[in-house]
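Let's take a walk through this structure together, one region at a time. Keep the sequence and the 3D view open as you read.

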Amino acid sequence: MRYSRYLLPTLKDAPSDAEIVSHRLMIRAGMIRKVASGIYNLLPLGLRVIRKVERIVREEMDRAGAQEVLLSFVLPSELWKESGRWDEYGKELLRFRDRHKREFCLGPTHEEAITDLVRREVRSYRELPKNLYQIQAKFRDEIRPRFGLMRGREFIMKDAYSFHASDECAEREYENMYRTYSRIFERCGLNFRAVEAETGPIGGKFSHEFMVLADTGEDSIATCRRCTYAANIERAETRRPHPGKREGVKKDTGIKEVSTPGMKTVEEVSSFLGVEPSRLIKTLIYSTDRGTVAVLVRGDHELNDAKLKRALDVKDLTLADEQTIRDVTGAPVGFAGPVGLKIPIYADYSVLEIEDGVTGGNRLDTHIMGVQPERDFRAQYLDIRKVVEGDMCPRCEGRVEIHRGIEVGHIFKLGTKYSESMGATFLDSDGREKPMIMGCYGIGIGRTAAAAIEQNHDASGIIWPPPLAPFEVELIPINIRDKETERVSMDIYRALTDAGIEVLIDDRDERAGVKFKDADLIGIPVRITVSNRTIASGSVEMKRRGEERKWLVKIEDTVREVRSILNRTP
RNA sequence: CGGGGCGUGGCGCAGUCUGGUAGCGCACCUGCUUUGGGAGCAGGGAGUCGGAGGUUCGAAUCCUCUCGCCCCGACCA
């Protein structure tokens with residue numbers, strides 16, 4: 001491709017609304033332009049990268065035995081009413097009517113659509129399993145779109161859905177997709193982890209998120225330094241303390257009320273009393289659909305709502321309002337404690353390790369010191385706190401570290417949620433009609449490209465992992481007006497192109513500095529510079545993006561050298 | 001949905017408080033010089049100041065409404 005004819009509008013400044021590096025660089029490198037909040041046009045360079053990701057995804061999905069389809073992007077409301085999600089999905093579902101006043105929505109995901117398709121065509125266990133996937137635009141009317149392609153409203157996604165006659169078969173496909181996803185993100189050249197994720201109503205171990213490690217990620221994940229344990233922070237388990245840890249408890253220490261005027265937060269109480277936060281017992285009053293409960297965590301820990309919800313098996317969970325807190329504790333917010341409480345008390349395991357604790361006194365400006373769990377109050381102990389850096393791994397003797405991650409893929413065993421509500425059944429070998437067991441598997445295509453930039457850039461611009469790079473080589477004739485430079489450059493351009501290598505030749509009549517800056521910005525892996533200086537020694541200059549080293553190669557060896565850098569066989 | 005902020009040429013911004021007929025840098029066009037890390041000089045094109053209404057002799061500037069965009073929050077004790 002000739003740069004002079006290519007639509008590649010690079011920018012020195014990024015628009016002020018671009019916050020994170022991938023967003024800024026995609027705009028500056030002329031890959032994307034904003035159309036509306038969370039909606040983008042892809043320019044030629046950006047589309048080439050998206051196509052690279054798509055190609056890897058297609059090749060691996062096909063290899064794994066899945067088949068590509070393309071479902072309609074506009075979906076009739078009837079399907080969503082059948083599954084019950086027309087009412088459940090909320091405002092993220094963009095709805096509208098056609099000229100006949102029929103209701104439709106833009107597809108934010110396609111479980112209904114695929115289930116409808118399959119239930120019409122598949123009747124027998126002999127036709128199962130099937131894994132169907134598509135790559136297309138989705139629309140979710142997000143509350144707060146941000147970060148460019150990372151979290152847009154319109155975005156390109158690969159979504160796959162599998163249908164099975166048995167649980168075992170569905171689980172085998174889950175494993176198959178797990179391996180396929182790992183291969184896909186490896187081929188993309190990304191540093192990622194597959195982590196255990198929230199499974200919602202399905203439960204069990206059948207949901208993994210594929211996270212690209214990056215500080216700007218919106219998710220937190222916990223990984224073990226020794227074993228392969230890795231989980232979303234929402235789900236990550238903590239180790240149950242060893243029994244007998246509290247042997248040295250002094251039985252004679254009694255509880256003692258202290259005055260703590262205006263001291264409500266952990267920081268205030270801990271510094272006022274001169275007590276480590278880890279000796280404080282935080283008491284939180286929650287309203288749930290099963291009544292008001294008290295929840296205890298150590299002062300230096302944080303409660304994990306998702307884990308608490310699951311442990312208590314409740315649907316709604318909100319911090320109690322001020323009046324409720326007064327009603328159950330007899331004190332204003334900030335002075336609740338477990339001693340003497342009449343409502344059910346749930347505590348994190350770590351609370352059990354406290355032997356001389358401090359809690360609220362259930363009275364204004366009062367706390368209690370010398371509190372001992374089990375002696376002074378009774379509670380049910382559960383794993384309900386957030387994992388923190390340095391915790392013991394729940395699986396081995398290693399310690400846990402916390403990373404930020406970008407969710408680029410998610411695999412999920414769906415079970416029969418949609419097949420049951422929508423009547424996607426088949427006749428099994430025993431002659432009985434059964435709902436199909438389903439799985440679904442998604443990859444954010446645009447987000448994967450953005451994540452690659454988050455992970456691979458420097459102060460000058462993008463450093464594409466070669467498999468995702470829009471071109472493999474950028475060829476720079478220093479002075480295109482110099483006849484000899486132009487001739488040699490064009491010869492090399494043709495030779496590389498004939499060898500099947502994707503080349504962008506910067507044939508603009510620009511100064512060298514401009515070309516180098518643009519080349520660094522758009523981040524093509526191999527740079528070849530041609531000038532009268534290099535030609536004088538019968539050579540061209542090679543450089544890899546992201547490395548400082550430059551070296552000369554004989555003109556006639558250029559193709560061979562590029563092949564070896566890109567690790568390609570002729 | 002709550003709070004805050006911003007809409008001025010393609011991009012980044014000043015001007016708004018204190019009303020007087022729109023400016024800077026980059027980008028763009030022409031010419032000459034220059035040509036290995038975002039060149040210099042000279043000339044030039046381009047803006048309904050987000051939109052509507054109002055106040056005023058006069059509005060980017062003041063008032064009202066409206067649209068769009070961004071940030072923070074939306075249970076973190």
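A polar contact here is a pair of N or O atoms within 3.5 Å; within protein, one of the two must be able to donate a hydrogen and the other to accept it, and residues adjacent in sequence count only if both atoms are side-chain atoms. With that in hand, look at D13, where a backbone N or O atom lies 3.5 Å from a sugar or linking oxygen of RNA strand B.

Some ground rules before going on. This is a predicted model, in which local features need pLDDT of at least 70 and side-chain atom pairs count only at pLDDT 80 or more, while totals for chains, interfaces and linings use all residues. Residues are numbered from 1 along each chain as its sequence is written, chains are lettered from A and ligands numbered from 1 in the order in which they are written, and side-chain values use heavy atoms, with hydrogens and water left out.

Back to the RNA. Beside D13 in the sequence you will find K12, with a polar side-chain atom 3.2 Å from a sugar or linking oxygen of RNA strand B. The bases are reached too: an N or O atom in the side chain of E302 is 2.5 Å from a base oxygen of the strand. A residue is near a strand if one of its heavy atoms lies within 4 Å of it, and 41 residues surround RNA strand B, the closest being R144, L284, L319, D520 and S531. Of the RNA atoms within 4 Å of the protein, 40% belong to sugar or phosphate and the rest to bases.

Which elements build this surface? At least two residues each come from β14 (281-288), β16 (317-319), α13 (512-522), β29 (526-530) and α14 (532-536); helices (H or I, at least four residues) and strands (E, at least two) are DSSP runs, numbered from the N terminus. The largest share, 7 residues, comes from α13. By type, the residues near the RNA divide into 12 nonpolar, 9 polar and 20 charged. In this count Ala, Val, Leu, Ile, Met, Phe, Trp, Tyr, Cys and Pro are nonpolar, Asp, Glu, Lys and Arg are charged, and the others, Gly among them, are polar.

Now for the spaces in the protein. They are found on a 1 Å grid over the protein atoms alone: a cavity is a set of points where a 1.4 Å probe fits but cannot get out, a pocket is an open set with protein on both sides within 12 Å along at least five of seven lines, and lining residues have an atom within 4 Å of a point. Grid points are joined across faces, edges and corners, and a volume is the space filled by probe spheres set on the points.

The second largest pocket has a volume of about 420 Å³. Its lining counts 21 residues, with K264, T283, L284, G334 and F335 nearest the centre. Strand β14 gives the most, with 5 residues, and the lining divides into 13 nonpolar, 6 polar and 2 charged.

The largest cavity has a volume of about 60 Å³. It is lined by E474, A519, D520, I524, V526, R527, K543, R544 and R545. Two or more of these lining residues come from each of α13, β29 and β30 (539-544). Here the division is 3 nonpolar, no polar and 6 charged.

Next, find Q136 in strand β7 (residues 130-139). Is Q136 buried or exposed? Q136 is buried, because its relative accessible area is 9%; buried means under 20%, exposed over 50%, and partly exposed in between (1.4 Å probe, protein chains only). Its side chain reaches the backbone oxygen of L71 at 3.1 Å. Among the residues in contact with Q136 (heavy atoms within 4.5 Å) is M157.

M157 sits in strand β8 (residues 154-164) and is buried too, at 13% relative accessibility. Its contacts include I445, a buried residue of α11. That helix, residues 445-455, is mostly covered, with 9 of its 11 residues buried.

Finally, some backbone details. The peptide bond from L128 to P129 is cis, with omega near 0°, and P129 is found in the loop between α5 (111-121) and β7. F147, in the loop between β7 and β8, has a positive phi near 65°.

Technical notes:
Lists of a residue's contacts leave out its neighbours within four places in sequence.
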